[in-house]
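Let's take a walk through this one together, going from the contact between the chains to the core and then to a few odd spots in the backbone.

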Amino acid sequence: STSGNLYQDFAAGRFAMLITGPWNLGEFARRLPPEMQDRWATAPLPPPEAGMPYPGASHAGGASLVVFRQARSPEAAWRWLEYLSEPAQQARFLELTGDLPARRSVWRSAGLADDPKTAAFLVQLEHAVPTPKVPEWERIATRIAQAGEQVARGAKDLDAALADLDADVDRMLEKRRWLLDRAAEAAP
Amino acid sequence: MSQRSEARAAWTLVAPALAAIGLFFAVPLVAALFLSLTDFDIYAVADAGNARFVGFRNYLRLAADPLFWTVLRNTLVFVVLGVPMTLGAALGGALLVHSRHARLPGLFRTVFFAPVVATLVAVAVVWRYLYHPRYGLIDQALGLFGIPPIDWLSDPGWAMVAITVLAAWRTFGYGLVIFVVGLEAIPTSLYEAAALDGAGPWQTLRDITLPQLRPTAVFVSVLVTVQLFQIFAEPYVMTRGGPLHATTSITLLMYEQGFRWWNMGHAAAIAFVLFALILATTGLEVGLRRRGRAA
């Protein structure tokens, strides 16, 4: 619901689980009462259907490190990204922010793979799929969530919701197809 | 002064205002109309050469989009539910504040007007708690009568009512102040004559106060109608248009299309549909007023 405190409601047992990311680990450690600390755990996402390989996919969302095409010195920017991605810097970032690193080697050296609460996220990281790098993605993701809400609340059945979602997303991408076709014609 | 030089003086005097209206109203209006005939979007923001002229396609797509009809219905429900609610609260409050028996009328006028000037985002935090099914005062009060808690903002059936109540609460103070002015303008001789004829308080209200307030009521209702047709901040802050788009208004849909997804052409088409709707409705209200006067 809308304005309750997530951690208080979880501690009070008003809900049993939620889908979230590693950024919440520190908050749960800090905000849940000490007697709760041994009574909660993390797990990778289940697959969409029973019998499918475990775990299910998650999406590696966001692109926080980018180089602009029109950057003044793209080589320097790229070197900076390389520096930030080095294990030493990732370990320091983990130390400073608690945010989990993207590199496997840092997981091992920092002992994250041995902590059961973070280990689930390492398993999930191996089954993460990047989101499509198109400007329409944010809108499509919102539309997917709406379709999910329609099915969850019983406003539409699954097949109808999927058909409508498919038609809407196809329409959202019409402009992109036109632009790609035009670019292909211009450069034979 | 000759008539011609008088006319020239008049034009000179209104010229600055006309120029401002032309620059800030007519030009954007024409630009928006043109925009609504294109598919100006996020790609065109980067390079205007990516925009296409599409004729009336934006309007045709709106007509074929079930979401648009849902949103249109929502907006009409906001207006149909909210205008009587706001008008009733404003009139009732004005009668109370203006009553001979009222104590501290100045204080109450200020109190009732306070929501109009309060920042909605701050107010929304309080209202979200009021509507909360577990911690909210409203559901706790209902619980005293054995009514089970209602999840006001997450129930598609109730969310609209909850948002309309908030919108009415936020605007009725403005109408109230105008009604108080209208009440003060009613000549006391009418009340004296009514008292001499032996009219009771109900008769006085029905036969003198309300008919005399009619022009004020039309003015306030036009104002509230236009405001409710453009309702945006309340659903944006409270529910983001959810659940299941149950509280998405036309303006909220236009905002999302235009400034969240950058479909400016599509958003401009929505704006023109809203423009036509408001024009038609206020025209109807003013027309009703004229007919009422003639009768």
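## Where the chains meet

A quick term before we start: a polar contact here is a pair of N or O atoms within 3.5 Å, where one must be able to donate a hydrogen and the other to accept it, and residues adjacent in sequence count only if both atoms are side-chain atoms. Keep in mind that we're looking at a predicted model. With that rule, 13 residue pairs are in polar contact across the interface of chain B and chain A, counting pairs where both residues are at pLDDT 80 or more. Helices α2 (42-46), α3 (57-64), α6 and α12 of chain B each bring at least two residues to the side that touches chain A. That side of chain B breaks down into 10 nonpolar, 7 polar and 9 charged residues.

In terms of residues, chain B puts 26 into the contact and chain A puts 23. People often give the size of an interface as the accessible area lost when the parts come together. Here, about 2200 Å² is buried between chain B and chain A, and carbon and sulfur atoms give 50% of that. On the chain B side, Y43(B), R52(B) and L244(B) lose the most area to chain A, together making up 30% of what that side buries. There are also 4 salt bridges between chain B and chain A. If you want a pair to click on, try the side chains of K175(A) and D39(B), which form a salt bridge with N to O at 3.1 Å.

## The nonpolar cores

How many residues does the largest nonpolar core have? The count is 44, and the residues with the most contacts inside this core are Y131(B), L228(B) and M238(B). Quite a set of chain B helices feeds into the core: α4 (66-98), α6 (120-130), α8 (156-184), α10 (201-229), α12 (250-260) and α13 (264-294) each supply at least two residues. Of these, α8(B) gives the most, with 11 residues.

M238(B) is a good place to zoom in. Beyond its neighbours within four places in sequence, M238(B) is in contact with A124(B), W127(B), R128(B), Y131(B), L153(B), I163(B) and L166(B). There's a second, separate core too, with 13 residues, including L25(A), L32(A), W107(A) and L122(A).

## Backbone oddities

Two cis peptide bonds are worth a look. One runs from Y54(A) to P55(A), with omega near -5°, and P55(A) sits in the loop between α2 (25-31) and β1 (58-60) of chain A. Another joins G242(B) and P243(B), with omega about -15°. P243(B) is in the loop between α11 (233-238) and α12 of chain B.

L244(B) is in the loop between α11 and α12 as well, and has a positive phi near 55° despite being a residue other than glycine. Why does L244(B) count as partly exposed? Because its relative accessibility is 23%, and partly exposed covers the range between under 20% for buried and over 50% for exposed. L104(B), also not a glycine, has a positive phi of about 50°. L104(B) lies in the loop between α4 and α5 (105-117) of chain B and counts as exposed, because its relative accessibility is 56%.

## Three more residues to visit

Buried or exposed: what is T251(B), in terms of relative accessible area? T251(B) is buried, because that value is 13%, under the 20% cut-off. This residue belongs to helix α12 of chain B. A polar atom of the T251(B) side chain lies 3.4 Å from the backbone oxygen of Q230(B). Not counting residues up to four places away in sequence, T251(B) touches F229(B), Q230(B), I231(B), F232(B) and L274(B).

V125(B) lies in helix α6 of chain B and is partly exposed, with a relative accessible area of 48%. The C-alpha atoms of V125(B) and I208(B) are 42 Å apart, with their places 83 residues apart along the chain. A199(B), in the loop between α9 (188-196) and α10 of chain B, is partly exposed at 30% relative accessibility. Setting aside neighbours within four places in sequence, A199(B) is in contact with A194(B) and T204(B).

Terms used. Residues numbered from 1 in each chain as written. Chains lettered and ligands numbered in written order. Predicted model: local features only at pLDDT ≥ 70, side-chain atom pairs only at ≥ 80, totals over all residues. Heavy atoms only, no water. Core = buried A, V, L, I, M, F, W, Y, C linked by side-chain atoms within 4.5 Å. Buried < 20%, exposed > 50% of the residue type's maximum accessible area, 1.4 Å probe, protein only. Helix = DSSP H or I, 4+ residues; strand = E, 2+ residues; numbered from the N terminus. Contact = heavy atoms within 4.5 Å. Buried area = accessible area lost by both parts, 1.4 Å probe. Nonpolar A, V, L, I, M, F, W, Y, C, P; charged D, E, K, R; others polar.
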